[in-house]
Amino acid sequence: MLTLALTKGRILDETLPLLAEAGIVPAEDIRASRKLIFASNLPALRLLVLRGVDVPTYVRYGAADLGVAGKDCLLEYASDAYYEWLDLRLARCRLMTAAAKGRTPITGRLRVATKYVRLARQHYAAKGQQADIIQLYGGMELAAVMNLADEIVDIVDTGNTLEANGLEPLDLLADISSRLIVGRASLKLKHAELSTLLERIEQALKDRADS
Ligand code: PRP
């Protein structure tokens, strides 16, 4: 039995059509269910639906053999216990800093709100900018609006959320897309089964690129 961990939300919405093109279909409608584990049309494959930050952890500890997660999560929670196998080119966006539009430049220490604590620390250290990182778990834009933070580090897709809250994007930290990761131990122990599954997904991606 192979276990594939999927990231719920927008990544899931974009992953399911790609999996369908690879001939992998959940046995029931994932989005209409509160279940977290699903059988698939392939008798030897089951699907888990997790928060993105948890996908690398499941794969790292072998609770899932492979997973789909955003590059943002992989950068923040880097591990050598899995391979980043494929760029699925799904859910593309950017990890950026942002601040109130037209704010006066800040001298001295910055307060920065983010859920990407490690990446934010790296970014401001590389700029030589002293920064106190405030960890939040969602709705980052509000932290800048309410003056909890001078800047935020967050995902920007359309830019609508920044715009709607009077913020503007500043520095680009990374271009983000969803990646397929494969556990090192699983690849050794279940090589044949995994290879067949990986080939299916690789082929579906190739077909997309060719069309
Ligand atoms: C993400 C991100 C931004 C927004 C960006 O939030 O954190 O808030 O999407 O998208 P946009 O540029 O198209 O407006 P999400 O809705 O995933 O929720 P979160 O705030 O809980 O992370």
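In the predicted model, a polar side-chain atom of K115 is placed 3.1 Å from an oxygen atom of the ligand. A second side chain, that of E141, brings an N or O atom to 2.8 Å from a ligand oxygen atom. The backbone also takes part, as a polar backbone atom of D157 lies 2.8 Å from an oxygen atom of the ligand. Taken on its own, the ligand has 490 Å² of accessible area, of which the protein covers 62%.

The residues that surround the ligand include these three, K115, E141 and D157. G138 and G139 also belong to this set, as do D154, I155 and V156. The remainder of the surround is formed by T158, G159, N160 and T161.

The open space of the model was examined next. The largest pocket has a volume of about 840 Å³. Its lining comprises 36 residues, and those closest to the pocket centre are D72, K115, Y116, D154 and I155. Among these central residues of the largest pocket, K115, D154 and I155 are also found around the ligand. Several secondary-structure elements each supply at least two residues of this lining, namely the helices α1 (10-21), α3 (71-76), α5 (140-145) and α6 (160-164), together with the strand β9 (151-156). Both domain 1 (2-91 + 177-210) and domain 2 (93-175) contribute to the lining of the largest pocket, with at least three residues from each. In chemical character, the lining of the largest pocket divides into 14 nonpolar, 13 polar and nine charged residues.

The second largest pocket holds about 170 Å³ of space. Residues K8 and L12 contribute to its lining, along with I30, R31, S33, R34, K35, L36 and V49. Four residues of the lining of this second largest pocket are nonpolar, one is polar and four are charged.

Methods: Residues are numbered from 1 along each chain as its sequence is written. This is a predicted model: local features need pLDDT of at least 70, side-chain atom pairs count only at pLDDT 80 or more; totals for chains, interfaces and linings use all residues. Side-chain values use heavy atoms; hydrogens and water are left out. On a 1 Å grid over the protein atoms alone, a cavity is a set of points where a 1.4 Å probe fits but cannot get out, and a pocket is an open set with protein on both sides within 12 Å along at least five of seven lines; lining residues have an atom within 4 Å of a point. Grid points are joined across faces, edges and corners, and a volume is the space filled by probe spheres set on the points. Helices (H or I, at least four residues) and strands (E, at least two) are DSSP runs, numbered from the N terminus. Ala, Val, Leu, Ile, Met, Phe, Trp, Tyr, Cys and Pro count as nonpolar, Asp, Glu, Lys and Arg as charged, and the others, Gly among them, as polar. Domain bounds come from an automatic or database domain assignment. A residue is near a molecule or strand if one of its heavy atoms lies within 4 Å of it. A polar contact is a pair of N or O atoms within 3.5 Å; within protein, one must be able to donate a hydrogen and the other to accept it, and residues adjacent in sequence count only if both atoms are side-chain atoms. Accessible areas come from the Shrake-Rupley method with a 1.4 Å probe; for residues, only the protein chains shown count as cover.
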